[in-house]
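Reader: Hello! I'm new to this structure and would love a close look at one part of it. Could you walk me through the charged pairs?

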Amino acid sequence: MKKTATLLINCPDRKGLVAAIADFLFRHDANILHADQHQDAEENLFLMRVEWDLSGFALDPTQFERQFASIAEKFQMRWQLKLAGHKPRIAIFVSRYDHCLVDLLYRHQSGELACDIPLIISNHPDTRRVADFYGIPFQVVAINKENKAEAEARQFSLLDSYNIDLIVLARYMQVLSPEFVARYPQRIINIHHSFLPAFVGARPYHRAFERGVKLIGATSHYVTEVLDEGPIIEQDIVRVSHRDQLEDLIQKGRDLEKVVLSRAVRWHVENRILLYANKTVIFD
């Protein structure tokens, strides 16, 4: 496991920001491994990700906030310090389709996703066999219009008991309540089976087929109260033709969905994403 720290910064753009951050890290013997930045002129925003080796770093991470406070206040920074040694705990929500779930679990097992996955929640029992194969606790929480509040309360209890940091909706075919979304801001990632903003909501492949599109896509995004309108993390597309039937679109789309979702989860886990104005910046 890497022994690094990552600093994520969002603040008004002004001269001296990079110099101040680099000087602070230099004064505490940090060996910077990666540094990337982005300026949005319209929003007058500066965003930065800097990662350094903790070996030889003279400042204990528990002291970082106090030492960094004067710089953060001077430049009006919103910032987060992330340690690579902390593995985020992820809960995966899934319904009946298992392709995204299987892809995430395989990538996790192979070491591609530096996280823990201690819990899978589903509104159907169909994917229990997958969870059992990987040895992950699987909980069925049936949900419908009549019991939605009760079912989500049960989900909250499970998420709390497993100390979950991030929720991944791997083709979970339920709309989360506003209360659910508010409880986990910027901590829910969804995969939508279309190239948003085209074909929001249900049955996008059916509507794409009816429309005769030549490209279909998949979109991974953070969940907000407005359906399929959250900040987009990753998208991809594949070409289709008049020869493709609805089943062909669905199959091609599933291949996209699992790759797009796994990329988004990996970037979140690696602390490569900064959000602003319903947008994301993804640092390499």
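Author: Arg171 and Glu257 are both buried, and their side chains meet in a salt bridge, with N and O 2.8 Å apart. Keep in mind that this is a predicted model. The pair links distant parts of the chain: Arg171 sits in the loop between β8 (166-169) and α6 (178-183), while Glu257 belongs to helix α8 (residues 246-269), 86 residues apart.

Elsewhere, salt bridges with shared partners join Asp103, Arg107, Glu112 and Arg266 into one network. Within that network, Asp103 forms a salt bridge with Arg107, and their closest N and O atoms are 2.6 Å apart. Both of these residues lie in helix α3, four residues apart, which is about one turn of the helix. Asp103 counts as buried because its relative accessibility is 12%, under the 20% cut-off. Arg107, at 18% relative accessibility, counts as buried too.

Now for a pair set in two loops. Arg96 forms a salt bridge with Asp126, the closest N and O atoms being 3.5 Å apart. Arg96 is in the loop between β5 (89-94) and α3 (99-109), and Asp126 is in the loop between β6 (116-122) and α4 (128-134), so this salt bridge ties together parts that are 30 residues apart in sequence. Asp126 has a relative accessibility of 36% and therefore counts as partly exposed.

To put these pairs in context, a search of the whole structure finds 14 salt bridges. In general, side chains of opposite charge can pair when their charged atoms come close.

Notes:
Residues are numbered from 1 along each chain as its sequence is written. This is a predicted model: local features need pLDDT of at least 70, side-chain atom pairs count only at pLDDT 80 or more; totals for chains, interfaces and linings use all residues. Side-chain values use heavy atoms; hydrogens and water are left out. A salt bridge is a side-chain nitrogen of Lys or Arg within 4 Å of a carboxyl oxygen of Asp or Glu. Buried means under 20% relative accessible area, exposed over 50%, partly exposed in between (1.4 Å probe, protein chains only).
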